Structures are given as structure tokens and as C-alpha cells.
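Good morning, everyone, and thank you for making time for this. Please have the structure open in front of you, and turn it as I speak.

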Amino acid sequence: MVSIPRVVIAAPASGHGKTTVATGLLAAFAARGTRVAPFKIGPDYIDPGYHALAAGRPGRNLDAVLAGEDRVAPLFVHGAAGASLAIVEGVMGLYDGRVGEGDFGSTAHVAGLIGAPVILVVDATAQGRSVAAVVHGFRSFSTGVHIGGVILNRVGSDRHESLLREACEEVGAPVLGVLRRHDAVAAPSRHLGLIPAVERRAEASAAVDALAALIASSVDLDEVYALASSAGPLPVEAWSPSEALTGSADGRTADSADGRAAGSATGGARPVIAVAGGAAFSFGYAETTELLAAAGADVVTVDPLHDEKLPEGTRGLVVGGGFPEVYASQLSANASLRNEVSRLAFTGAPVVAECAGLLWLGRTLDDAPMCGVLDIEAAMTPTLTLGYRDAVALADSVIAPAGTRVSGHEFHRTMVSPRSGLLLAPRADAAWAWRGAEPEGFVTENVHASYLHLHWAGQPEIASRLVTAATAVA
């Protein structure tokens, strides 16, 4: 049994101010000396960057679709280790789950899995007494969700605030804070949402400081902490990367049919696995590097915008998501690193790329030369591709045997031509297939590249397969 004060920040819909409130609460409590652990529900990569800046520790995701329903609470306990308060930001509206599956994966679903009370952030623009109907409706819609308080956002005046407070009192909903319209803290955005904190460190730090001051002056922090402390103990053990690799933490065993069991992957010296980072490749989960380290790798970050060489002794490379399209000219100008990545791939070293990484491995991105590992061209498109995917592996690869089923997520405004390795045969195979779409991605030698984002806590065997392949590199 683990006791961690915790609260979920939710809203009736996107755009009500969840990120403002969650980030501000993290920063305000941290300024008081409280050790806070930040979480984001769903597959979002950008909000956790601001959470991390506010809390001073990694922002983590709780995703029942990608990681599995049974792993949500253990991952929460793992990420909250050493903290005295956890703040969890929700996704979309409180009850918005995966399309076609009710509230599965929703904020309400995850709040129930971790036994946390909810604070509802409500945009009160152009609302009066009707705010009570909104709050009452969300409180009564599901008996499994405890909405313990409300924070009113974009309130226009003292009179407006008084009217809203009286309305909330009618339905017995405590108002824990009120934010005025003129108090908004600007955060610039572009084609995939907010600009990541890593791309604007000084400005993001200033914005987080402003949010801390705003929330400290507008929200009753003591009441928020009291509500968080009302959460009961969780009857689960913390997720462990080493136990996940051997199967004892999640009830599954790592793929060991061909000797890829964790714990025996390296057999000696730890191979160096480079993981792309920096402003161009800022999308990733903390559990990825934790699993690689547990599987026996020395994990070193490489920034393709600035580093001209891979880390000394690199035998494998992981390139996650991000915004290479924004930095195409700088990435292209770093010919030294591009050539090193190409040479690494052609030696048979394992290279795993998701979304942004796929674009970087191609021949060109918006006509700018990239690494040339894959004979593909990438370009921006006005169409947003977004959603969960239930996929099956079409070929044996460094991350999974053919036939492996996974749940992943797509999030991009780019396209690659050709779409899959089927059109490059016999030099490559397609990586994935899912219902309603043509096969996607590329598998060639020990390179695996596709648009599909995976949460490795849901498929921990990926790490042990990758480290085994890296160990075999001469």
C-alpha cells in the first residue's frame, strides 16, 4: 500500500485552462518547498516539458491505451517516488476517452485507476448561474469520479466572480480558486500545439514563474493539498524497469525465444545507446531510457542540432519525435553527424526511429538533405494525422517479431513518400499495418522507422531486443 497525496486537474473540454492550472500548481507548490511529481494523462509530449520545468523532475505520462490499464497505477507510483504531492493534468474533456471505447483512456478513467480526486477547471467566459449546471452535470455523470472542487477561469469582474461562487454554492461545489481574464500567461503555439519548453528555455522559465505567482495568488493551495491528501492508499507496487523486462512487474515475459531475455542481454561490457534529444527531438517518455539502462545499456543523449559526432562507442541509436521540420536547415547543415548516422546504420547497428526520427533518416525533408538511411522523401502537409492505432508488426525487426500486436499513437503534419517499405522491396519491408490504412513504416537490416509512437512500458521487450542487437555489433 502506497500513500501519495494526489489530485487530477480536469475540465469540461480542451481550452478551459488545464495546462495553465496544472503547471502553475506544480510551480507554486515547488516554490513553497513541496516535492511535487508531475503527470500528464494521454500521449501528449509537450505539456510534460512545462511540467518538468515547474517541478524540477521529469514529467511523465499516464496512458491506459499505450501502456496498458494495469500498468497505470504502478507507473504512477514509480514516477511519484520521493514526492510529497502529485499533480496530474488531464486530457481533453473529463470523460473523453478513446473513440468508440467510451471513457477508456480518459481523464476520468485514469483518475479512477489511481484513486485520485478531481479539480474541475471551468472557463466561465459568458457564463453566469449556468456554471452550476455544468459542474453539477459533470459531478453526477459518473459515480466513479470524485470532483472535489472547482477552479473558475477567465472570470471578468468582482461581480462576475460573486455570481459564479453563489452558483457553485447552490450545488455544493467548493471553489478553490478564481483566475481573471487579464491574468492569462501567454504561451506561443504552432502546428502541433504549444512550442515545447526546450525550444524557448528562458521564455518558458519566465512563463512558469509567472504561473507560479498567478496560481499562488488566485488559488487556495492549502485546500488543494487537503483535497489531494484525501486520496486513499494505492494497493500496488511501483513499476520497475528491471522487473518489467523479466516479466515479474507486469505479468508478461520479455521475448526470450532467441536469447533476448533481459538481464543476459549484454553478457559483458555495456553497449552505448545514443538517444536523440534537444530542440528538434524533444518527444519521448522517461521510461524509454530507464528500460534501456535496465536492459544493460549506457544511455547517452545526442543533440542533432549541435553535436557533430555520435557519442564515443555508440552501437545503437533511438530517435523519437519532435520538430525536425522546423529545424530542417540546421539538421541538414550538420553533415558530419548525418554521415555518422548513415555509417552506423549500414554497419548493422540497431536504429529505432519514431515520427520525427523517420523524417531525419530519410533522404530529404522539405528538399533539405537528411541522413539518407532510407530512400524516402518527407514534406510538410496541411493535414493533421492524429489518433491511437492498434497495429501488427509485418516483419521481424530489432523491436518486435512479425505478428506482434501493439497499441501506438500517430501525431504529425508531414508525409513520407513512399509510405512503407513495401515500395522499396526487396531492400526493405513495411513495419506496421492497422485497420483502415495502407501498411506503414520501414524495416531494413536493423533499422526500424515509422510514424507510430510507442510507450515502451507497454512493450518493455523492445529495450532488451535493442540492447542485444547493439551488443552484437562488432
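Let us begin with two helices, α1, which covers residues 18–31, and α8, which covers residues 221–229; in this predicted model their axes come within 11 Å and cross at roughly 100 degrees. Since angles from 65 to 115 degrees count as roughly perpendicular, that is the word we use for the way α1 and α8 lie to each other. Where they meet, Leu25, Ala28 and Phe29 are the residues on the α1 side, and Leu221, Val224 and Tyr225 are those on the α8 side.

Now please turn to the sheets. In what order do the strands of the open sheet of 7 strands run? Reading across, the order is β3-β2-β4-β1-β5-β6-β7, and the pairing is parallel. Strands β3 and β7, the latter being residues 175–180, stand at the edges, and because each has a single partner strand, one side of each is left without a neighbour in the sheet. From one strand to the next, the twist averages 25 degrees. At the β7 edge, strand β6, residues 147–155, runs parallel to β7 and is joined to it by 4 bridges, and if you look for Val150, you will find that it stands opposite Val175 in β7. For the students here, it may help to recall that strands of a sheet pair through backbone hydrogen bonds, either parallel or antiparallel. There is also a helix to notice against this sheet, namely α2, residues 46–55, which lies across β2, β3 and β4 and runs at about 170 degrees to β2.

While we are at the other edge, let us look at Arg60, which lies in strand β3, residues 60–62. Is Arg60 buried or exposed? Its relative accessible area is 9%, and because the cut-off for buried is under 20%, Arg60 counts as buried. Its side chain is joined to the side chain of Glu290 by a polar contact of 2.7 Å. If we leave aside the neighbours within four places in sequence, the residues in contact with Arg60 include Pro38, Phe39 and Lys40, as well as His78, Gly79 and Ala286.

The second sheet is also open, but this one has 6 strands, in the order β11-β10-β12-β13-β20-β19, and its pairing is mixed. Here the edges are taken by β11, residues 298–302, and β19, residues 442–444; each has a single partner strand, so one side of each is left without a neighbour in the sheet. The twist in this sheet averages 15 degrees from one strand to the next.

Let us walk through part of this sheet, strand by strand. Strand β10, residues 272–276, pairs with β12 in the parallel sense over 4 bridges, and Val272 stands opposite Thr314 in β12. On to the next pair: β12 and β13, the latter being residues 351–354, run parallel and are joined by 3 bridges, with Leu317 having Val351 in β13 as its bridge partner. Then β13 pairs, again in the parallel sense and over 4 bridges, with β20, residues 447–450, and there Ala353 stands opposite Ala449. Why do we describe strand β12 as largely enclosed by the rest of the structure? The reason is that 5 of the 6 residues of β12, residues 314–319, are buried.

A helix, α12, covers residues 335–346, and it allows a small check: at 1.5 Å a residue, its 12 residues should span 16 Å, and its end C-alpha atoms are 16 Å apart, which agrees. Its buried residues include Leu337, Val341 and Leu344, and also Arg338 and Glu340. After α12 comes Gly348, whose phi is positive, near 95 degrees.

I will finish with two residues in loops. Arg200 sits in the loop between β9 and α7, and at 11% relative accessibility it counts as buried. Ala430 is in the loop between β17 and β18, and it too is buried, with a relative accessible area of 2%. Beyond its neighbours within four places in sequence, Ala430 has contacts with, among others, Leu394, Ala395, Leu422, Pro439 and Val443.

Terms used:
Residues numbered from 1 in each chain as written. Predicted model: local features only at pLDDT ≥ 70, side-chain atom pairs only at ≥ 80, totals over all residues. Heavy atoms only, no water. Buried < 20%, exposed > 50% of the residue type's maximum accessible area, 1.4 Å probe, protein only. Pairing = 2+ DSSP bridges. Expected span 1.5 Å × (residues − 1). Polar contact = N/O pair within 3.5 Å; in protein donor to acceptor, adjacent residues only side chain to side chain. Contact = heavy atoms within 4.5 Å. Axes fitted to C-alpha atoms, helices over the stretch in contact; angles between N-to-C directions. Parallel < 35°, antiparallel > 145°, perpendicular 65-115°, else oblique.
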